[in-house]
Amino acid sequence: MGKSSGKAKTPRIEADNLESKQQLAIIDVIGEGQIEGPVGGLKGVFLNKTPIQAEDGSFNFSGVEVEYTTGTQSQLPLSGFSETQNEIPVGLEVKQTNPLVRTITDPYVDRVRVTVGVSALYSQNKSGDVSRTSVSMAVQIGSGNSWITKKTVNLTNKKTRSQYLTSVILDNLPKAPFNIRVVRITPDSKDDLLVNNTVWSSYTEIYDVKLSYPNTALVGLRFDSSQFNGVPSRTYLIRGIRCKIPNNYDPISRTYSGLWLGEFKTEWTNNPAWIVYDILTNTRYGMAYRFGQFSVDKFMLYSIAQYCDQLVDDGFGGKEPRFTCNCYITEQSQAYDLINNFFSIFRAMPIWDGTQLTAVIDRPSDTVAIYTNANVVEGKFSYSSSAMKDRHTAARVKYIDPDYGWQPIPEYVPADDETINRFGLNIIDVEAFGCTSRGQAHRTGKWIITTEKFEKQTVTFSVGREGLRHLPGDVIEILDNEYVMSQSGGRIVSAVDNIVTLDRDVEIDKKSYLSYQDINAKLVKVKVVSQKAPNTLVLEQNVNTDQWSTWILTNVNVSSRLFKAISIAENDDGTYSITALQHEPRKEAIVDNGAVFAPENNQSISWGIPPIEGLAVSVTPDSDEYQAVLSWTTPRTMSHLEFQVTILRNSNLVSRQTVPEMCVTMKNLDEGKYTASVRGISTEDGRLGDESTIVFSILAPETPTQLVFASTSNTVTIKPIMSSNVGLGTIFEYYKGSTLDEVKAMTNYLGRTSNKLIDADVQASTTYYYGVIAVNAAGRSGMCTGSATTADDTVGTAGGIFRIKTNDGVFPKNNDDATKLFHDVLEMWPSRDTVLIVYAEDGNGLIIKKEAKMYDGAKWIEPALFLDGGLIATGSINGDRLVAYTEIKAPIIKGGEININDLFKVDRLGNVLIKYQNGKASMIQQNDLIQLTDENGVIRMKLGRLR
């Protein structure tokens with residue numbers, strides 16, 4: 001009878017020899033021209049929301065070619081795009097019994113590209129051997145029973161475990177319409193061991209034409225499609241349309257030089273005032289045909305632009321422009337709505353003053369008119385206040401955040417606690433148009449809340465021709481005698497030098513001021529010196545005003561109020577009705593100085609994507625290849641969360657996929673150095689979280705960096721230390737010898753372990769040498785060697801001396817860190833009187849630094865005494881005991897001091913003090929003095945200094 005050898009056969013698997021190499025070419029329309037262009041070159045081009053080039057200069061994708069035009073009238077076509085293409089997906093399996101047919105109907109098609117391939121291609125026998133195989137397809141043109149084979153796709157003696165696609169070009173096309181058919185020539189597989197499914201992926205209509213697309217900014221991309229699953233999404237970070245700006249303005253430094261005479265130049269800017277001006281005056285995409293170039297108040301916009309460029313706190317301790325505009329207009333909208341959106345950026349409203357379009361901005365300004373009961377119709381002011389339900393106490397401002405992949409992010413802005421307690425939490429949701437700054441979004445919300453808190457009252461009144469003195473948006477001053485319950489406003493009867501006669505009796509105090517408008521309609525405020533009569537005041541300076549002009553008297557108890565005119569309407573009787581909103585000049589300071597943000601930390605924000613924690617990898621053999629399992633956790637969960645996993649091998653992209661679980665298995669991995677990166681991604685809005693990275697290798701293990709020893713009189717524990725994660729079932733082989741050469745000869749093999757080894761075959765007070773080799777499924781490392789000396793067998797079991805090598809040789813300052821280091825390296829807890837020596841070596845193996853401490857049962861302290869070879873620690877011997885069983889024989893003590901219970905003292909200079917009995921009897925030897933005293937403290941002998 002024959003005898004089986006019991007040896008298992010390893011299946012033979014042939015290597016893949018099919019790899020798709022399709023080149024994808026795409027033209028994207030960026031927008032209206034002329035633009036400034038991409039920001040940062042390839043760093044501003046994103047594929048699937050990932051930049052082609054990272055900030056450190058490395059590339060996330062390989063072989064990507066980018067070409068762009070800025071959108072001029074005379075621009076040339078993109079050089080690498082000599083044709084226009086229209087790809088139509090098919091995505092169906094082709095069977096021999098069921099060919100696929102598609103129809104071309106466009107008569108202007110010059111060529112057709114047909115993309116076909118296999119989902120996988122290999123053959124397997126019952127022994128597990130995987131080998132190459134063949135399959136063929138034909139691409140035909142015709143109709144009915146009349147078909148002409150134009151191209152044949154033969155995949156002969158090929159193998160791939162993933163999808164493979166190839167393309168064929170059909171030219172000399174018949175007159176449209178005509179049909180294209182893909183036929184499978186090879187019989188369909190009926191065996192699970194033969195995998196050769198054929199697919200028709202797509203066909204592309206090609207038009208041979210070069211287009212320059214004048215006045216349109218374009219980006220052309222060409223790249224290897226094997227890096228993506230389908231056509232990737234493309235986004236671009238650009239500086240947009242170049243528009244008209246003042247010729248004395250630098251849009252980068254945001255500075256103005258000299259006097260502006262109204263002339264313009266064309267450059268890029270994100271100052272919203274000049275973007276508005278460009279939209280209003282541009283003849284191609286703007287409203288120039290409606291307004292005309294000279295119907296926009298450019299000098300008012302010049303003032304507003306300077307206001308926008310002023311630097312304010314950004315909330316992070318720095319400065320940023322007060323307002324910027326970074327927007328992309330992609331949808332058609334009403335011109336009035338779009339203009340109001342742009343004006344809302346700098347808190348303004350557009351108005352027509354009768355001759356041109358101008359703007360009124362909400363900011364502190366000079367008062368242009370004063371009103372009292374004496375100059376309004378019937379002396380009546382009508383007030384109304386906003387309803388409490390309309391007073392918001394928090395704002396949720398949506399803006400575009402560059403740190404979150406340029407996605408919309410809400411900024412929550414609360415009012416003060418007092419306001420929230422009074423009115424409750426009432427949140428308003430707003431969208432900050434063109435805002436890409438968290439600070440600007442915060443100021444937008446703060447401005448809304450502050451406006452509703454301080455500017456809650458509206459006044460309406462009618463006046464005569466005085467209503468034409470100002471425009472909507474101007475600040476006016478109102479003193480209503482009925483509101484302040486005092487006769488503090490009226491008209492001036494006469495004014496001679498500095499003496500003014502009023503139309504009514506008034507009362508003054510030491511801090512009274514009279515406000516009036518002079519003959520130039522300028523508001524003047526003068527201190528009142530004295531009162532000659534009930535209606536006659538003496539002022540600090542002469543008065544230059546018309547008779548019957550308006551006056552306001554203010555003091556400590558009576559003050560006027562500021563309002564901002566929001567509308568002026570003419571009545572039927574020739575009067576003018578004015579509506580004004582309460583104005584708070586302090587609002588600008590409150591808003592611009594109110595933002596204080598914590599340092600940037602994406603995970604501290606409740607709506608942020610949670611970070612990746614505990615990223616780990618486990619690598620195991622898989623037939624003649626390897627597989628790796630990545631796993632991770634997150635500190636919290638959220639809906640619509642998936643994970644983007646990127647795998648690089650030797651810095652080349654292996655795969656990029658999105659998975660819903662916190663674990664992914666990667667198979668068919670070759671040997672090499674791998675980098676795996678994982679980040680969270682919101683499937684709802686595409687927001688990306690921070691990326692976590694782990695590095696692992698499918699290679700023979702690295703040589704252990706050091707051996708850590710723990711020895712007693714009868715055992716030596718050896719623990720190898722690795723510089724990187726171990727995988728592939730890494731274990732360690734141990735060798736022993738009485739010399740280093742004996743260890744390197746590997747004659748005394750101790751065995752294998754996965755962590756540490758305890759050698760019990762030792763003798764006390766003996767030095768042994770050890771060598772360790774790391775072994776895994778991919779190979780073996782070099783040998784790491786070291787030596788250990790066993791303890792004297794007379795030393796007791798308490799304590800012990802242990803050595804750990806670190807990079808700096810510094811003993812951990814934190815008690816818990818020191819205990820953790822001891823446990824992690826030696827895998828045991830320290831006992832009482834344990835001494836730990838932490839040391840560092842140079843490149844030659846010489847000790848360059850070491851520190852030691854002793855464990856007292858609760859904490860690490862300076863050792864009372866420890867021995868390290870022939871070395872005794874320098875310094876004093878402190879404490880009330882020595883380590884158990886310690887004996888000091890005939891020591892020589894050099895330097896230091898001796899103090900035994902303050903009864904026996906020897907200092908560094910050799911001075912001696914000895915006390916007896918009650919402490920009064922003593923002997924002193926100091927410099928040139930020797931003195932003895934008795935038990936009563938009486939000097940009995942004195943030598944030396946007798947005086």
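**Figure 1. The whole chain at a glance.** A residue counts as buried here when its relative accessible area is under 20%. By that cut-off, buried residues make up 41% of the 947 residues in the protein chain, and keep in mind that this is a predicted model. The chain has 10 helices and 67 strands. Take the contacts with a separation of 6 or more: 66% of them come from residues 24 or more positions apart. On the outside, the protein chain exposes about 51,100 Å², with carbon and sulfur atoms supplying 49% of that area.

**Figure 2. A tilted pair, Trp 260 and Phe 299.** The structure holds 26 aromatic pairs, and here is one of them: Trp 260 and Phe 299 sit 5.3 Å apart, centre to centre, with 55 degrees between the planes, which makes the pair tilted. Trp 260 belongs to the loop between β21 (255-256) and β22 (264-268), while Phe 299 is in helix α3 (residues 298-309), so the pair ties together parts that are 39 residues apart in sequence. How buried is Trp 260? Its relative accessibility is 7%, so Trp 260 counts as buried. Phe 299, on the other hand, is partly exposed, at a relative accessible area of 48%.

**Figure 3. An edge-to-face pair, Trp 632 and Phe 643.** The ring centres of Trp 632 and Phe 643 are 5.5 Å apart and their planes meet at 70 degrees, so this pair is edge-to-face. Strand β43 (residues 625-633) carries Trp 632 and strand β44 (residues 641-649) carries Phe 643, so the pair links parts that are 11 residues apart in sequence. Both Trp 632 and Phe 643 are buried.

**Figure 4. The aromatic cluster around Trp 260.** Step back from the pair of Figure 2 and you find Trp 260 and Phe 299 again, as members of one aromatic cluster. Their partners in the cluster are Tyr 249, Tyr 256, Phe 264, Trp 274, Tyr 277 and Tyr 302.

**Figure 5. Two arginines over aromatic rings.** In one spot, Arg 239 lies over the face of Trp 268, at 4.7 Å from the ring centre. In another, Arg 803 places its charged end over the ring of Tyr 839, again 4.7 Å from the centre.

**Figure 6. Thr 451 and its contacts.** Look for Thr 451 in helix α6 (residues 438-454). Is Thr 451 buried or exposed? With 15% relative accessibility, Thr 451 counts as buried. Leaving aside residues up to four places away in sequence, Thr 451 touches Asp 362, Lys 456 and Lys 587.

Methods. Residues numbered from 1 in each chain as written. Predicted model: local features only at pLDDT ≥ 70, side-chain atom pairs only at ≥ 80, totals over all residues. Heavy atoms only, no water. Phe/Tyr/Trp six-rings, centres within 6.5 Å; stacked < 30°, edge-to-face > 60°. Helix = DSSP H or I, 4+ residues; strand = E, 2+ residues; numbered from the N terminus. Buried < 20%, exposed > 50% of the residue type's maximum accessible area, 1.4 Å probe, protein only. Lys NZ or Arg CZ within 6 Å of the ring centre and 35° of its normal. Contact = heavy atoms within 4.5 Å. Areas by Shrake-Rupley, 256 points an atom, 1.4 Å probe, with all protein chains shown as cover.
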